[in-house]
Amino acid sequence: MEIQFKDKVVGITGAVGAIGAAMSRRFAESGAKVAVCYNRSGADETVEAIRQAGGIANAYQLNVADMDKAKEVCQAIASDFGGIDVWINNAGVNVPSEKRFPIQEFDDDWWQRIIDVDLNGVYNCSKAVVPFMKGREGANIINISSVVGMVPFRKQIAFTAAKAGVINMSKAMALELAELGIRVNVLSPGTIAMEGTAKLWANNSAMEALLSHIPQHRQGTPDDIAWMAMFMASDKAAYMTGSVINVDGGWLCGYARDF
């Protein structure tokens with residue numbers, strides 16, 4: 001099944017990270033004009049790689065926790081490309097392994113940072129982008145949650161709360177925005193192989209324990225998420241809104257014990 005986004009404008013937050021960069025490249029390869037939104041270094045390399053491959057992309061610095069900046073960036077993207085068709089709220093943070101504690105010991109600053117980016121950031125950018133999507137055929141928003149938003153993990157109280165909030169907020173958005181012709185869906189990744197998770201699971205026994213609960217017995221790749229995002233954003237998914245799709249190797253099916 002071929003999916004094309006020729007002349008479509010796709011904005012992606014957190015587009016410098018492994019998943020965001022993969023989505024940026026894949027959408028560009030399919031003909032989209034990609035707005036690479038970032039809040040750390042690396043955007044120039046992503047944009048240059050897309051352009052070298054014959055694609056179209058611009059970089060926009062965006063702190064998703066800043067509502068005014070979200071509005072400013074959406075306006076800039078719409079001015080540069082003539083509107084916005086697809087918006088992917090991908091930016092997110094979680095606490096490093098050494099900061100993972102139960103609620104009574106959890107760091108309040110980390111709580112606020114994660115809520116500001118992972119939950120408020122989705123609200124801010126979605127609110128800012130809607131005016132530039134109204135009336136555009138096939139317009140839709142994809143919010144990146146996590147399996148942690150569907151099944152809570154210990155010692156990740158802020159991430160769990162934020163990602164669960166994204167899911168129900170997205171369903172509310174789907175109800176509200178349908179009358180404007182805008183679809184809203186959620187993509188929830190499981191564990192994805194990238195630099196951050198490589199450091200987190202450097203201990204082989206810890207990784208083996210994790211994978212023992214995943215039926216496919218592997219981590220996903222950034223492209224596993226990118227391909228699903230492309231399908232969800234395409235007209236092939238035109239009757240899908242308010243849906244939550246987990247891409248997790250079967251993790252949420254239940255523990256894959258060998259007995």
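Which residue forms a salt bridge with Arg-26, with the closest N and O atoms 2.8 Å apart? In this predicted model it is Glu-29, a salt bridge here being a side-chain nitrogen of Lys or Arg within 4 Å of a carboxyl oxygen of Asp or Glu. Some ground rules first: the model is predicted, so local features need pLDDT of at least 70 and side-chain atom pairs count only at pLDDT 80 or more, while totals for chains, interfaces and linings use all residues. Residues are numbered from 1 along each chain as its sequence is written, and side-chain values use heavy atoms, with hydrogens and water left out.

Glu-29 and Arg-26 sit 3 residues apart in helix α1 (residues 18–29), so about one helical turn separates them. Helices (H or I, at least four residues) and strands (E, at least two) are DSSP runs, numbered from the N terminus. With 52% relative accessibility, Glu-29 counts as exposed; the cut-offs are under 20% relative accessible area for buried, over 50% for exposed and in between for partly exposed (1.4 Å probe, protein chains only).

Arg-26 has another partner in Asp-223, and there the closest N and O atoms are 2.6 Å apart. Since Arg-26 belongs to helix α1 and Asp-223 to helix α8 (residues 222–233), this pair ties together parts that are 197 residues apart in sequence.

Asp-85 and Arg-136 pair up as well, with 2.9 Å between the closest N and O atoms. Asp-85 is in the loop between α3 and β4 (86–89) and Arg-136 in the loop between α4 and β5 (140–144), so this salt bridge ties together parts 51 residues apart in sequence. Asp-85 is buried at a relative accessible area of 4%, whereas Arg-136, at 24% relative accessibility, is partly exposed. Back in the α1 region, shared partners join Arg-26, Glu-29 and Asp-223 into one network. The overall count comes to 5 salt bridges.

Then there is the helix packing. The axes of α3 (residues 67–81) and α4 (residues 108–129) come within 8 Å and cross at roughly 40 degrees. Axes are lines fitted to C-alpha atoms, for helices over the stretch in contact, and angles run from 0 to 180 degrees between N-to-C directions. The two helices are therefore oblique to each other, a label left for angles outside the roughly parallel (under 35 degrees), roughly antiparallel (over 145) and roughly perpendicular (65 to 115) ranges. Contact (heavy atoms within 4.5 Å) involves Met-67, Ala-70, Lys-71 and Cys-74 of α3, and α4 residues including Tyr-123 and Val-129.
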